Amino acid sequence: MFVPVYPASPSSALTAAVIGAGYQPVPVEDVATLVARTPPGGWAAAIVEVVEDLGRCLSVAAKIGGELGVPVLLVIDRTMTLDVHDQAGFTDFILSPIDRVELTVRMARLGAAALDSSEAAADEELLRFRDLELNTATYQATVGGHPRDLTFMEYELLRFLVENPGRAWSREQILAKVWGYDYFGGSRTVDVHVRRLRAKLGEERSSWITTVRSVGYRFG
Amino acid sequence: MSKQHEYVLRTVSERGIRFIRLWFTDILGQLKSFAITPAELEAALEEGARFDGSAIDGFSRDKEADMLARPDPTTFQILPWRPDGGVARMFCDVETPDGQPFPGDPRGVLKRNLSRAHDLGYAFYVGPEVEFFYFRDSGPEPQVLDRGGYFDLTPLDVAQEYRRATIMALERLGIPVASSHHEVSPSQHELNLRHTDALTMADSLMTTRLAVKEVAMEHGIYATFMPKPLEGYDGSGLHLHLSLFLSDENAFYEQGAEHGLSKVGRGFIAGLLRHGREITAVTNQWVNSYKRLVTGFDAPVFETWGRTDQSAVVRIPITKPDKASSTRIEYRAPDPACNPYLAFSVILAAGLAGIENAYDLPAEGGSASGAHRLPSTLSDALDALEQSELARTALGDHVFEWFLRDKRREWDRYAGHVSQFELDRYLAVL
């Protein structure tokens, strides 16, 4: 992952630590350059190394953090700890000389914070049952991490079942809730789609959908 | 945008689909296809995709040159036999440029017939037994792969591997296979598909024919659905297990009735027996189809029904007492080279006529009409079709007339052919 580093000529110790933590440093002269070089997915985090002018570095950090919403890790000398005490504009700081493990952890926390918020959003869109995952935003289904090619109605039926596990549903109920309209196939359509889902889930998972005699189907 | 369209668009981008094949069927049941790219997909879903219909059988009148294929998003499916997985397909309904259903579209014909059944409260379900042959190639002399017979196991059944690969491909396409086995003739095989509503099944049969041929080609052999490729051996049939559902209930079943058959079930059979001759040209549409419908093989010849009689056109499969609700009707005339959309349309129309007009079911083994035999040639079958108001209504004027014209031409060409049979028998003695 690319990480912008300000100023454009960071210390070699920082550069080595950033690369060691698994990031690709992108030196930037100013905020405008940082904006201009933004990758398609946006920056996950930025690093501002305070080398001389603390005030200027803090104002750059504040622009990156406040205006652009990119979390900023400030790199400071031990003597500056009190100076940054009541300053805003950065998310976290780290003392130089840099401990590479500490940088990894702090970057991960920032990166994780950024990833976490997008993951949290994605998580609401993710339905899980054992090794089955349904992404309701992208309509993709995976089993054990491998995509399964479902048709729209197969996907919608599976989603209904995963969202409503542990109870028996009649064919009429499923038809009304999933198809929502009366279809040429009538309620036997449900049987057809259950069989197709079982076939696509594979033999060892086909028992997830159980037939409840003279009622209908139950999931899980 | 509808959720179904969104589903298709998202899946195409998420799964890296590069081509979307738009499938439709001509009147003779040949699968037709053209491909669009993801960039064209959204417009195709919303407005239909334009194509030149002038080269396609039954679409060929000048004013039909420009046609619209409107994809059915519920049929979107990634094709499993492309190794890179980059190709998907959708079945299409064919429309005229002004957006009206094109009367020469077989899928539209079936939809119209199903809609009529739907108005009566019925859902029409079909479960087919698909028979076919594997040969070494498609050359003029069919070469069998084995001398195996019914239910033979390896090593006589060398094609087991091909069947297995085919079943895997079908399951990935969402077409569950109930069972498969080696059939009676050398190199002949059968796939039994789980029953579905008739529209899904007609789509599934089109897909199955392609999948069987694709998998055979991958293995360097050739698969054919020709009804009777080997003289002296059983031909390939497409036995259809038919049922009607009224809501959740099997409309053919009545507890305590003879053979568990309800009035609806008896009427449906009576309709098939009475109109069987009229619809045979559609269920068995080739000159070669009638080489299969002869006595001495496991093929129907008579317009009768029975429970075990192999030469009856309708069979009532014997169901276990606890499975009585699986009561169904097996119609044994069709062959796998038919157009499934049109075949299902006329079969349904015949059955519904029997129900609506309350035809009497003749005794087991007996016949409904004076004509006891199914048509013995394509020409006979066309004569019967031409007189059939039932078939004309079910198919619509456009398909009915085009079909008769095209098939008469096929028969005329065949009638002028001097066969090896004649040369062998007559040349030396006459």
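The following exchange concerns a predicted model with chains A and B.

Visitor: On what conventions does the account of this model rest?
Guide: Residues are numbered from 1 along each chain as its sequence is written, while chains are lettered from A and ligands numbered from 1 in the order in which they are written. Totals for chains, interfaces and linings use all residues, local features need pLDDT of at least 70, and side-chain atom pairs count only at pLDDT 80 or more, this being a predicted model.

Visitor: Into which domains is chain A divided, and how far apart do their C-alpha centres lie?
Guide: The bounds come from an automatic or database domain assignment. Chain A comprises domain 1 (2-123) and domain 2 (126-219). The separation of their C-alpha centres is 46 Å.

Visitor: Which element of chain A gives the most residues to the side that touches chain B?
Guide: Contact between two residues requires C-beta atoms, placed from the backbone, within 7 Å; 23 residues of chain A and 28 residues of chain B are in contact across the two chains. Helices (H or I, at least four residues) and strands (E, at least two) are DSSP runs, numbered from the N terminus. The elements of chain A that give two or more residues to this side are α5 (152-163), α6 (171-179) and α7 (188-201). With seven residues, the element that gives the most is α7(A).

Visitor: How many nonpolar, polar and charged residues has that side of chain A?
Guide: Ala, Val, Leu, Ile, Met, Phe, Trp, Tyr, Cys and Pro count as nonpolar, Asp, Glu, Lys and Arg as charged, and the others, Gly among them, as polar. By these classes, the side of chain A that touches chain B has eight nonpolar, seven polar and eight charged residues.

Visitor: What is the relative orientation of α5(A) and α7(A)?
Guide: Axes are lines fitted to C-alpha atoms, for helices over the stretch in contact, and angles run from 0 to 180 degrees between N-to-C directions. Angles under 35 degrees count as roughly parallel, over 145 as roughly antiparallel, 65 to 115 as roughly perpendicular and the rest as oblique. The axes of α5(A) and α7(A) come within 10 Å and cross at roughly 90°. The orientation is therefore roughly perpendicular.

Visitor: Which residues of α7(A) meet α5(A)?
Guide: The contact has four nonpolar, one polar and three charged residues. From α5(A) come Met153(A), Glu154(A), Leu157(A) and Leu158(A), and they meet, in α7(A), His193(A), Arg196(A), Leu197(A) and Lys200(A).

Visitor: How are α1(B) and α2(B) oriented to each other?
Guide: Helix α1 (residues 3-14) and helix α2 (residues 38-47) of chain B have axes that come within 11 Å and cross at roughly 175°. This angle makes the pair roughly antiparallel.

Visitor: Which residues of α2(B) meet α1(B)?
Guide: The residues of this contact divide into six nonpolar, two polar and one charged. His5(B), Val8(B), Leu9(B), Val12(B) and Ser13(B) in α1(B) meet Pro38(B), Leu41(B), Glu42(B) and Leu45(B).

Visitor: Which helix gives the largest share of the largest nonpolar core?
Guide: A nonpolar core is a set of buried Ala, Val, Leu, Ile, Met, Phe, Trp, Tyr and Cys residues joined through C-beta atoms within 7 Å. Of its 93 residues, Phe124(B), Ala198(B), Val346(B) and Ile347(B) touch the most other members. The largest share, 12 residues, comes from α8 (residues 340-356) of chain B.

Visitor: Where is Tyr139(A), and is this residue buried or exposed?
Guide: Most residues other than glycine have a negative phi, whereas phi of Tyr139(A) is near 65°. Tyr139(A) is located in the loop between β7 (132-135) and β8 (140-143) of chain A. A residue is buried if 20 or more other C-beta atoms, placed from the backbone, lie within 10 Å of its own, exposed if 12 or fewer, and partly exposed in between. Because Tyr139(A) has 20 other C-beta atoms within 10 Å, the residue is buried.

Visitor: What is the burial class of His259(B)?
Guide: His259(B) has a positive phi, near 60°, and belongs to the loop between β13 (249-250) and α6 (263-283) of chain B. Because 17 C-beta neighbours lie inside 10 Å, His259(B) counts as partly exposed.

Visitor: What is omega for the cis peptide bond that joins Ser96(A) and Pro97(A)?
Guide: Pro97(A) is placed in the loop between β5 (92-96) and α4 (100-124) of chain A. The cis bond joining Ser96(A) to Pro97(A) has an omega of about 0°.
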